[in-house]
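Trainee: I want to go through the reasoning behind the labels on this one. Can we take it step by step?
Mentor: Yes, go ahead.

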Amino acid sequence: MGNDIRSIAEKRKLWEERLLASLKKVPERPARFTTLSDMEVPLLCTPDDLDKIGFDYERDVGFPGEFPYTRGVQYNMYRGKLWTMRQFAGFSTPEATNKRFKLLLEQGQTGLSTAFDMPTLMGYDCDSPKAMGEVGKCGVSVSTIADMEELFADIPLDQVTTSMTINGPAIVILAMYYAMAESRGVPKEKVRGTLQNDILKEYIAQKEWLFPIAPAVKCVIDTIEYGTQHYPNWNTVSISGYHIREAGATAVQELAFTLADGMAYVEESLKRGLDIDEFAPRLSFFFDVHNDFFEEIAKFRAARRIWARMMKDRYGAKSPKSWMLRTHAQTAGVSLTAQQPMNNVVRVAVQAMAGVLGGVNSLHTNSMDETLALPTDEAVMVALRTQQVIAEESGIANFADPLGGSYLVEYLTNKVETEALAYIKKIDEMGGMIKAVENGYPQAEIGNSAYHFQRQLEKKEKVMVGVNKYQVEEKKRTLETLYIDRSVEKKQAEKLRAIKARRDQAKVQSLLLSVRNAAERNENLMPSIVEAVKEFATLQEVCDTLRGVYGEYREEGKF
Amino acid sequence: MNEAVIESSRRNKIRVLIAKPGLDGHDRGAKVIARALRDAGFEVIYTGLHQTPEMIVKAAIQEDVHVIGISVLSGAHNALVPEVIQGIRTAGLTDTLVLVGGIIPEEDFEGLKAAGTAMVFTPGTSLEEIINYIDKNAPVR
């Protein structure tokens, strides 16, 4: 009787009358109540709200570890294995980053995540004129397999999983990693980790590209094919919404564009003749986790549900491993403020909690000083400890999907799902995501959202504490920051010169020619690149060879 | 007519180049600012991404700009900004107002200013602040 929908709906109507009366005494604060993404949200959800949207527990929610995975991909969630605490790190020389890696592992971090500098991300060596001023700044500089070996010195590749955030030249960096693992005698099935390798979101948001879209996607599919055949436990693509969100997308846009990118890789792999249940289990995801607590939790739950249904119903995957959306998450860099930077610790904690309540499999928490510079050792420790407090003190990790069944959370999950599916439908009508990206559609949508949010900030419709509200007159900053000087550039360039002087030039040239031939014949590039980097062909030499065949991508300066 | 009105009425005669030097791909800020300045009435040209200092200098001369806003979030500002400034000054754009925006540590402000940067805007700056600054400081030609 107490659960009868009709009765609840009637009582709710009466309650709403009393609510209206109460508003005369306590009026509502701003004119509109919206999420960070400006989605209007209700004050309250009751069972009749769910009834109205056709909510079906067994179909839409189910149980943890089971289709459609709304409640998470593991049966016992964090009781079995806590999420992987994976702090993104990379700066200066490979030796310096190797030291940071070791510090993080000593402090209880459970996986590595590598940030490369801008020249590496764009396929230029440290001694290229284009690299001027950028070497080692935003990440670590890697020009040859020798740098890769220094980067992972003394790190047991068969025990630690490694994530590498690189896209344009991802195939070359992966070749270096595979070749290094091989030279250390690590069995192929023990090489575990993730390559970001999501080139579509580069054109959409992160903007570190090399080739035009079609050959760039071909390189991604090459790595999927090669990985499936040789490295069964390597995650070949980390389909990333993070950069899409950071570039200004709403939560729904982040979700929709990311899943649409994933669908494009699936479709291209199928065109290559690959078996979906062989490659799909190695696709992983990477989302942002922003300030708006419930919107974010809903986003993760909706993500798993949409992907599972897509994989099963649309692409006919039969293995549950293909249906599961496994995701890494990172707290929102854009939410951090340079003003009163200590407040960032609190933001990161709130976001990390949303990630965990959203059931993520792996998490990076940002450091408080990251709007100022790359993080110091001390700041990184606070960020890592934030995860450890959530994991081992808060009790949240005792439960699988503790917010599942909340009327509000289920309602929001459905709402985010519905809106994301509407975007996906639109993209389908455009002929798929590759076409949509070529036409600049997601780029324009994100630009509009970014501008809309900035205007809301200016009008104080959205608040950033310490930035447009509660500002204080700030003295000179007291937070110590990490400074990378230009000696790194010199040191790396000298090392590269020495390697080039002692390698077998004729062999390198002939191996680069093999790469060129493979590109021209439209063969899988991976085998020839692996052989070339083993002989110290540099990142840029391989990339220039490919640029010679494929050309370069250019974006017009639209805004 | 008060001062503010005079300033905003001259905006359509002020050409602003928003530039992204180096390999940095972070263009959210640059695009938002470009759009806000356009909406405020300025004539805005955006270079697009991955420009060398020479490319930016060329664009500045070609458009004979009053203002250059250089956006850098990659940490390469100390290397790239002085090159752009030197390039435009040598080419004869002696009064062009040079602004820098992005993730710029305070320690670097002085060096950038010594190189000829009029103002450095860091995250959290409002669009209005930037517009006001240009209104007051863009050269009158």
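Mentor: Start with contact: two residues are in contact if their C-beta atoms, placed from the backbone, lie within 7 Å. Keep in mind that this is a predicted model.

Trainee: Which strands does helix α2 of chain B lie across?
Mentor: Helix α2(B), residues 28-39, lies across β1, β2, β3 (67-72) and β4 (97-102) of chain B. Its direction is at about 160° to β2(B). Angles run from 0 to 180 degrees between N-to-C directions, so about 160° means that the helix and β2(B) run in nearly opposite directions.

Trainee: How do you know that β1 and β2 of chain B pair?
Mentor: Pairing needs at least two bridges, and β1(B), residues 15-19, shares four with β2(B), so they pair. The sense is parallel. Within this pair, Arg15(B) stands opposite Glu43(B).

Trainee: What is the order of the strands in the open sheet?
Mentor: Five strands run β2-β1-β3-β4-β5 in chain B, with parallel pairing.

Trainee: What makes β2 and β5 of chain B edge strands?
Mentor: β2 (43-46) and β5 (119-121) each pair on one side only. From one strand to the next, the twist averages 20°.

Trainee: How many residues does each chain bring to the contact?
Mentor: Chain B gives 29 residues and chain A gives 34. On the chain B side, α2, α4 (77-90) and α6 (127-137) each supply at least two. The largest share, five residues, comes from α2(B).

Trainee: What classes of residue make up that side of chain B?
Mentor: Twelve are nonpolar, ten polar and seven charged.

Terms used: Residues numbered from 1 in each chain as written. Chains lettered and ligands numbered in written order. Predicted model: local features only at pLDDT ≥ 70, side-chain atom pairs only at ≥ 80, totals over all residues. Nonpolar A, V, L, I, M, F, W, Y, C, P; charged D, E, K, R; others polar.
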